[in-house]
Amino acid sequence: MEGRPVRESASELSEFALPIYANTLGNLLGGRIMHLVDLAAATAAMRHARCPVVTASVDHMTFLHPIRIGQLVIVKASVNRVFRTSMEVGAKVFVEDLETGVVRHTNSSYLTFVALSPDGKPREIPPVIPETETEKRRWHEAGERRRVERRPAEPVPYVEPEPHRCSLRCPSLAPVRPSRPPRSAPPLDPPPTAGSL
Ligand SMILES: CC(C)(COP(=O)(O)OP(=O)(O)OC[C@H]1O[C@@H](n2cnc3c(N)ncnc32)[C@H](O)[C@@H]1OP(=O)(O)O)[C@@H](O)C(=O)NCCC(=O)NCCS
């Protein structure tokens with residue numbers, strides 16, 4: 001399968017941070033940023049594989065700075081590495097203040113996409129060719145991330161928890177006393193009769 005250079009599938013998406021996506025503090029919702037990251041990364045993945053792809057996983061995402069409503073959000077994504085039927089795509093989010101021209105990096109994330117054949121089964125993807133030093137570094141780091149991710153988990157020994165030593169009288173932690181049997185209800189007064197009034 002012939003490889004394709006990273007630059008051929010790299011994608012860029014820009015969108016105004018609109019008030020409909022604001023949180024209560026007047027900043028862009030984190031969920032909206034995640035949506036844009038998924039879209040930009042899926043574009044790069046599909047452009048590389050030239051077939052439908054699905055998001056298999058999203059790495060952790062850090063939010064370095066808030067994005068104010070009215071600022072321009074820019075997401076840049078490119079294929080870091082192809083494994084067999086899956087590929088890692090790196091996405092970087094920037095915010096541009098259109099009045100000052102200042103651009104700031106706000107988020108980064110790694111996503112894994114799987115290419116699908118017409119019958120919905122994972123299919124092989126052409127390799128990606130890293131050309132620049134940055135692309136080569138990302139290619140190596142993607143391999144390392146996968147190696148660490150797939151490493152069998154080390155068994156964690158079970159440690160008996162220490163008995164609770166809280167000296168505060170916390171009602172929620174107080175030992176539960178066995179409840180007393182319910183007292184039998186006092187007999188009800190007999191309904192008044194004409195003779196008793
Ligand atoms: C992702 C999906 C296609 C994998 O299907 P599967 O039958 O488990 O496929 P396989 O076990 O053969 O794995 C196929 C590839 O996916 C990778 N993969 C599977 N699950 C993964 C996960 N959770 N994270 C990262 N990679 C994953 C495998 O490593 C393998 O990659 P490789 O061939 O490059 O080594 C399937 O789980 C799926 O359709 N998930 C739902 C996707 C979705 O709806 N996304 C949101 C909307 S786009």
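This briefing describes the ligand shell, the helix α1, the strand pairing and the nonpolar core of the structure above.

The model is predicted; local features need pLDDT of at least 70, side-chain atom pairs count only at pLDDT 80 or more, and totals for chains, interfaces and linings use all residues. Residues are numbered from 1 along each chain as its sequence is written. Helices (H or I, at least four residues) and strands (E, at least two) are DSSP runs, numbered from the N terminus.

**Ligand shell**

- The ligand is surrounded by V54, T55, A56, S57, F83, R84, T85, S86, T112, V114 and P122, where a residue is near a molecule if its C-beta atom, placed from the backbone, lies within 6 Å of it.
- Two or more shell residues come from each of β3 (53–58) and β7 (103–115), and β3 gives the most, with 4 residues.
- By class, the shell holds 5 nonpolar, 5 polar and 1 charged residues; Ala, Val, Leu, Ile, Met, Phe, Trp, Tyr, Cys and Pro count as nonpolar, Asp, Glu, Lys and Arg as charged, and the others, Gly among them, as polar.

**Strand pairing**

- Strands pair if DSSP finds at least two bridges between them.
- β3 and β7 are antiparallel, with 5 bridges; V54 has V114 as its bridge partner in β7.
- Strand β4 (residues 62–63) is joined to β7 by 2 bridges, also in the antiparallel sense, and F63 stands opposite N107.
- Strand β6 (residues 86–96) runs antiparallel to β7 over 11 bridges, with E96 opposite V103.
- β6 and β7 make a hairpin with 6 residues between them, and G101 in its turn has a positive phi of about 80°.

**Helix α1**

- Helix α1 (residues 30–49) has 20 residues and should span 28 Å at 1.5 Å a residue, which agrees with the 28 Å between its end C-alpha atoms; the expected span is 1.5 Å times one less than the number of residues.
- Buried residues of α1 are I33, L36, V37, A40, A41, A42, A44, A45, H48 and A49 (buried: 20 or more other C-beta atoms within 10 Å of the residue's own, C-beta atoms being placed from the backbone).
- R50, just after α1, takes a positive phi of about 55°.

**Nonpolar core**

- The largest nonpolar core (buried Ala, Val, Leu, Ile, Met, Phe, Trp, Tyr and Cys residues joined through C-beta atoms within 7 Å) has 30 residues, of which A41, A45, V89 and A91 touch the most other members.
- At least two residues of this core come from each of α1, β5 (72–82), β6 and β7, and α1 gives the most, with 9 residues.
- Leaving aside neighbours within four places in sequence, A91 is in contact with V37, A40, A41, V75, A77, S109 and L111 (contact: C-beta atoms, placed from the backbone, within 7 Å).

Conventions. A residue is buried if 20 or more other C-beta atoms lie within 10 Å of its own, exposed if 12 or fewer, and partly exposed in between; C-beta atoms are placed from the backbone. Two residues are in contact if their C-beta atoms, placed from the backbone, lie within 7 Å.
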